[in-house]
Structures are given as structure tokens and as C-alpha cells.
Amino acid sequence: MMVQPVLLIALPLFFAFLLPLISLWSKKVLKYVVMGVMAFNAILAFIVLIEALKAPIFDIIAGFQPPLGIVLMVGPLGAFIALVINVAAFVISLYSATVTKEPLLKYYMLSLLILMGATGMVLTGDLFNLFVFLEVTSIAAYGLASYNKDRKGFEGALKYVIMGSIGSSFVLIGIAIIYAQLRTLNMLDIATRLGEMDPYTKIVAFVSLFLGFGVEAEMFPLNAWVPETYDGAPHPVSAMFASMSAKSGIFALARVIFTIFAFSNYLWFVVIMGILTVFFGEIIAYVQKNIKRMLAYSSIGQMGMIIMGLGIGTVLSVQGAFFQMFSHAMGKALLFIAAGYMIYAAGTDRMDKMKGIGRNPLIGIPLLIGILSIMGMPPFIGFYGKFYILMGGFQQGYYAIIALFLAASIVEVAYYARFIKIAFEKSERKYPAPNIWVYAPLIIFAIIIVLFGIYPKPVMDILSHVAAFLAGGA
Amino acid sequence: MIPYYYLASIALIVIGIYVVIAKKNLIKIIIGLDLMDTGVNLLLIAIGYVKGGTAPIENANYALYVDPIPQALVLTAIVIGVSVMALALSMVIGLYKNIGTLEIDELRRVKE
């Protein structure tokens with residue numbers, strides 16, 4: 001069965017603007033409609049992935065032939081990340097059922113729009129279209145970040161708006177420079193004609209695009225918004241940021257580095273940014289007392305590891321980076337959902353007031369699986385990402401980078417171990433039992449983490465296409 | 001020689017970044033963002049400019065047209081910019097209702 005990839009974008013967009021009509025009929029069905037749409041979208045993404053594994057799909061929009069028209073360029077890796085984003089979106093939409101604050105209609109519309117934007121960023125093959133989807137994602141994210149309408153929410157969202165719109169201005173500058181030189185916006189067309197560009201202008205364009213997408217990808221000097229935005233947003237929204245908008249931002253970064261510019265000798269720049277991001281994230285996460293802030297800083301650290309993997313630039317390390325995107329999307333979404341329950345159950349976001357909260361097995365077992373996976377323990381998916389990034393570094397002989405990477409990982413293990421100790425400590429305190437919308441998503445994520453941890457072959461098969469991606473393919 | 005419209009757009013972008021970094025008032029920061037947006041839009045329009053060209057509409061009297069694609073891009077970028085500004089300003093209103101100040105320094109002080 002052939003599914004056109006554009007459906008993955010059109011379906012959430014269509015339903016996002018159909019929701020107001022549905023809400024006239026009944027407000028209670030909204031959440032089930034959103035869950036259904038997201039589940040269906042995930043199935044479509046799976047079919048597209050199977051198609052894309054045979055040969056990259058080029059979906060021409062509105063009948064204009066590329067390079068003039070807009071084209072969706074869906075390679076195996078793009079389809080894989082799209083599937084990851086869609087599955088994460090579906091499972092998080094289950095947890096969204098616990099959001100009770102009005103206006104729920106707008107919450108669900110924005111959550112469909114952020115899904116549409118993130119999927120579009122991953123699938124598109126046109127540089128300006130990438131910018132438009134980036135803006136759709138980030139405007140939806142701004143709205144969701146301030147959804148609570150309290151002080152924390154507005155502060156975080158405002159920081160995000162300021163950083164995000166500076167970033168998107170830089171993306172636009174990069175696009176303008178490329179268009180001025182090459183008169184084209186199609187990614188593959190740019191890649192083939194890159195030699196015509198003035199070498200210095202090329203570097204300026206690369207740096208503009210890299211910094212622009214770096215905001216969304218939580219790269220070091222541009223990530224001041226991350227902790228406050230994650231902390232101020234509603235709990236399901238924090239999970240969405242970690243597993244959807246950040247993932248699409250980092251995939252756009254990979255597109256810029258490999259598909260458009262095909263750089264190999266400037267990758268040291270990317271590695272250094274990555275390692276700075278890792279250290280910044282992990283070390284500040286260590287001193288945090290607020291659980292969501294700790295997870296947000298840890299998220300920065302993990303994104304730094306992915307940037308590093310992309311920067312090392314060998315087949316193995318880029319495979320590791322993509323595996324890390326997968327494991328981080330699943331693991332961090334799980335941890336944010338668990339954190340949301342804990343804050344609700346303990347009545348505070350301070351970790352030292354959460355003694356014994358993990359002793360309920362419905363929460364404790366998925367929590368433990370998620371934490372071990374994020375740490376990088378072997379039977380879970382988090383292991384493979386870190387392992388392949390390190391192996392890629394070894395192959396190239398970057399021993400200093402590996403040493404720094406491992407040092408940061410030890411800090412990560414330290415603060416997560418401290419958190420495990422608090423969560424599983426004996427305590428007299430009774431916590432309210434989680435309802436099904438809390439533990440169902442936790443268990444689904446935990447099953448995915450364990451399943452692909454024990455049997456990673458399907459993912460590795462998909463990631464074997466990395467070599468073609470690095471060579472400038474779709 | 002670099003044409004003056006490039007210089008103007010770069011000046012607008014740099015002034016915008018300076019305002020965002022240096023000013024302490026949230027409304028001024030948002031004005032800075034808007035300046036930066038305008039600079040980028042001017043840069044895009046300038047790229048498509050052809051000397052002596054006319055609007056890109058089919059017309060027998062003219063042979064030379066400016067590049068239509070940057071104009072389409074700028075239209076999109078303006079719409080996006082306006083919506084981001086509106087959202088940012090509405091957030092500022094929300095923050096003001098919660099705290100009663102727009103100065104970043106005071107915002108930090110209220111936190112303690």
C-alpha cells in the first residue's frame with residue numbers, strides 16, 4: 001500500500017482546525033479524537049517508513065517539479081525519526097488526558113499543530129519550507145509553554161519566544177545568503193551546486209543555519225530558555241518538548257550538516273559545541289533540587305551527546321546519534337510523565353520531599369527502566385546510542401573527546417543514582433495511587449525501551465542507511 | 001562595493017540584537033526582535049532586486065522583472081513575524097498581570 005508522506009502533515013493540520021467544530025458537538029470526545037488521530041498518524045508513519053526503506057520517497061507538492069516546486073524528501077532516517085516523533089506524540093496524548101485546566105480545546109489544537117510542525121521539519125526537502133515548519137513548531141510550543149498562565153509559565157515561555165525568534169531570524173539569514181548565491185531552495189539542488197558558492201560566504205551561511213537550529217536543538221550558548229520553559233510548562237508539554245520539538249530541531253541540524261553542506265573538515269566546531277553542551281547540562285543538572293529542572297538540564301546534556309555524535313561524523317557515531325535520538329525521545333518522555341505524577345502526588349517539585357514515591361510498582365518499575373536507559377545501562381536502548389558514539393570516536397582516535405564524554409556520563413549517573421535512592425527509600429508517607437492515564441503511557445514507553453534494548457536489530461537495520469545519508473542522500 | 005541596502009539591513013539586524021541584549025524592559029526587547037525581523041526581511045527583498053526591474057507580473061511593456069521568489073518568502077516571513085510579536089506581547093501582558101512589572105531586574109528581585 002502506498003501512502004503519500006504529505007498525509008502525515010495534512011492529517012494533524014486538518015484535524016487541528018476541525019476540533020473547534022467537534023467541540024461544538026461534544027467537548028468530552030476531544031481527547032479521544034486527538035488520541036485517535038495521533039495513533040492513526042503513527043501507523044501511517046510506520047507504512048511510510050517501510051516504503052522509504054526500499055527507496056527514498058520524493059513527494060512533489062502541487063505538481064510543480066523540483067527544484068522549482070516544494071518537495072518532501074523522505075529517506076529511511078527521516079521516516080524513522082518521523083515515526084519516533086509520532087509514537088511519542090501518541091503516547092504523550094494519553095497522558096494529556098490528565099490536563100483539566102481550560103481551555104482544553106486550544107490545548108489539543110496546539111498539540112496537534114506541534115506534531116504537524118515537527119513531522120514536517122523532518123520530512124521536508126525544501127529549505128524555506130523547513131523554516132516555515134520550524135515556525136509552526138515553535139509558535140505552537142510558545143503557546144503550550146505558557147498554557148498554565150501562571151508566573152513560571154509566562155517567564156519560561158517569554159524566554160523561549162525571545163531566544164526562538166532570534167534563532168529563526170538567523171535561519172532566515174542563512175537561507176537568504178544561500179538563495180543570493182545559488183538562486184535555489186531545494187536541499188539536493190543546493191548540495192549539488194555547493195561548489196559554486198564563495199567559500200567564505202558558505203561558512204557564514206552554515207554558521208547562521210547551525211546557530212538558528214541550535215536554539216531548537218538546545219545547543220550550549222543558546223539553551224538558556226530550556227530549564228525555565230520545561231519547568232513552567234504543563235507536565236505533558238515538557239515531555240512533548242523533549243521528544244518532539246527538540247528531536248525535529250536536531251534532525252534539521254543533521255540535515256544542514258550532512259545533506260546541504262556535506263562538511264567534513266569543519267566538524268570539529270560541531271564536536272566542541274556538543275561537548276560544551278554536554279558539560280553545561282550535566283554539571284548544572286547535578287546541583288538541581290527541582291525535579292523538572294534536573295530533567296531539563298539532563299535533556300540538554302543528552303542533546304549535546306547527539307550533537308557530538310553528529311560532529312564526529314563517522315558512520316558509527318552518526319548511527320549512535322540517531323539511536324540516541326530514539327532512546328532520548330522515549331526515555332525522557334517517560335521521565336517527564338513520571339515527574340508529572342510525582343509533583344502531583346507529593347504536592348511539591350522538590351526532590352527531597354519525594355521519599356518512597358517509587359515504591360508503588362506501577363510507577364517505580366517504569367521509572368527505574370527509564371532512568372537506567374537514560375544513564376546508558378546495557379539491556380536498555382540508551383546503551384546503544386552512547387556506545388556507538390564512543391565507538392565512532394575511537395575509530396577516529398579522538399581519545400580526549402571520549403574521556404570528556406565519559407566524565408560527563410559519570411556525573412549523569414551520580415545525580416540519577418541520588419534520585420533513585422530518594423525515590424525508593426522506605427517512607428511512612430502514603431501517596432495517592434496513579435490513574436490509568438498516568439501508568440498506561442509509562443508502561444508503553446517502558447515496554448518500548450526494554451523491547452528494543454533486548455532486540456535492537458530492527459533499529460540497526462534502519463540505521464544501516466546512515467552511510468547513504470552521510471554521502472549526501474535523502 | 002556593497003550596495004547600501006545590504007548595509008541598511010545588516011545595521012537593522014545588529015541594532016535589533018543589541019536592543020535585545022542590552023535593554024532591561026520586556027517591551028523594548030520585543031521591539032528589538034521586531035527590528036531584527038525587519039532587517040532580515042529587507043535583506044531578503046534586496047537579494048531579489050534587479051536594477052531597473054519592475055513588479056513580477058506578466059506585462060508586454062517591460063522585459064526586466066525582479067525575482068518573485070524572495071517576495072513570496074518575505075510575505076510568509078512577515079506573517080510569521082507578526083504572529084510571533086502578537087504572541088510575545090500577549091505573554092508580556094500575562095506576566096504583567098502576575099507580577100506587576102516589566103523590568104527584568106525587578107522581575108529577578110521579586111523571585112527571592
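Tutor: A residue is buried if 20 or more other C-beta atoms lie within 10 Å of its own. Keep that in mind for this predicted model.

Student: What makes H13(A) mostly covered?

Tutor: Of the 32 residues in H13(A), 27 are buried, and that count earns the description.

Student: How do you know that the length of helix H13 (residues 315-346) of chain A agrees with its number of residues?

Tutor: The expected span is 1.5 Å times one less than the number of residues. For the 32 residues of H13(A) that comes to 46 Å, and the end C-alpha atoms are 45 Å apart, so the two agree.

Student: Which residue comes just after H13(A), and what is its phi?

Tutor: Gly347(A) follows H13(A), with a positive phi of about 75°.

Student: Why are H5(A) and H6(A) called roughly antiparallel?

Tutor: Angles over 145 degrees count as roughly antiparallel. Helix H5 (residues 127-145) and helix H6 (residues 151-182) of chain A pack at about 175°, with axes 9 Å apart. The pair is therefore roughly antiparallel.

Student: Which residues meet there, and of what class are they?

Tutor: Among them are Phe128(A) and Phe131(A) in H5(A), and Val161(A) and Ile175(A) in H6(A). By class, this contact has 14 nonpolar, five polar and one charged residues.

Student: How many residues does each chain give to the contact between chains A and B?

Tutor: Chain B gives 25 residues and chain A gives 24. On the side of chain B, helix H2 (26-47) and helix H3 (68-99) are the elements that give two or more residues. The largest share, 15 residues, comes from H3(B).

Student: What classes make up that side of chain B?

Tutor: The side of chain B that touches chain A has 20 nonpolar, four polar and one charged residues.

Conventions. Residues are numbered from 1 along each chain as its sequence is written. Chains are lettered from A and ligands numbered from 1 in the order in which they are written. This is a predicted model: local features need pLDDT of at least 70, side-chain atom pairs count only at pLDDT 80 or more; totals for chains, interfaces and linings use all residues. Two residues are in contact if their C-beta atoms, placed from the backbone, lie within 7 Å. Helices (H or I, at least four residues) and strands (E, at least two) are DSSP runs, numbered from the N terminus. Ala, Val, Leu, Ile, Met, Phe, Trp, Tyr, Cys and Pro count as nonpolar, Asp, Glu, Lys and Arg as charged, and the others, Gly among them, as polar. Axes are lines fitted to C-alpha atoms, for helices over the stretch in contact, and angles run from 0 to 180 degrees between N-to-C directions. Angles under 35 degrees count as roughly parallel, over 145 as roughly antiparallel, 65 to 115 as roughly perpendicular and the rest as oblique. A residue is buried if 20 or more other C-beta atoms lie within 10 Å of its own, exposed if 12 or fewer, and partly exposed in between; C-beta atoms are placed from the backbone.
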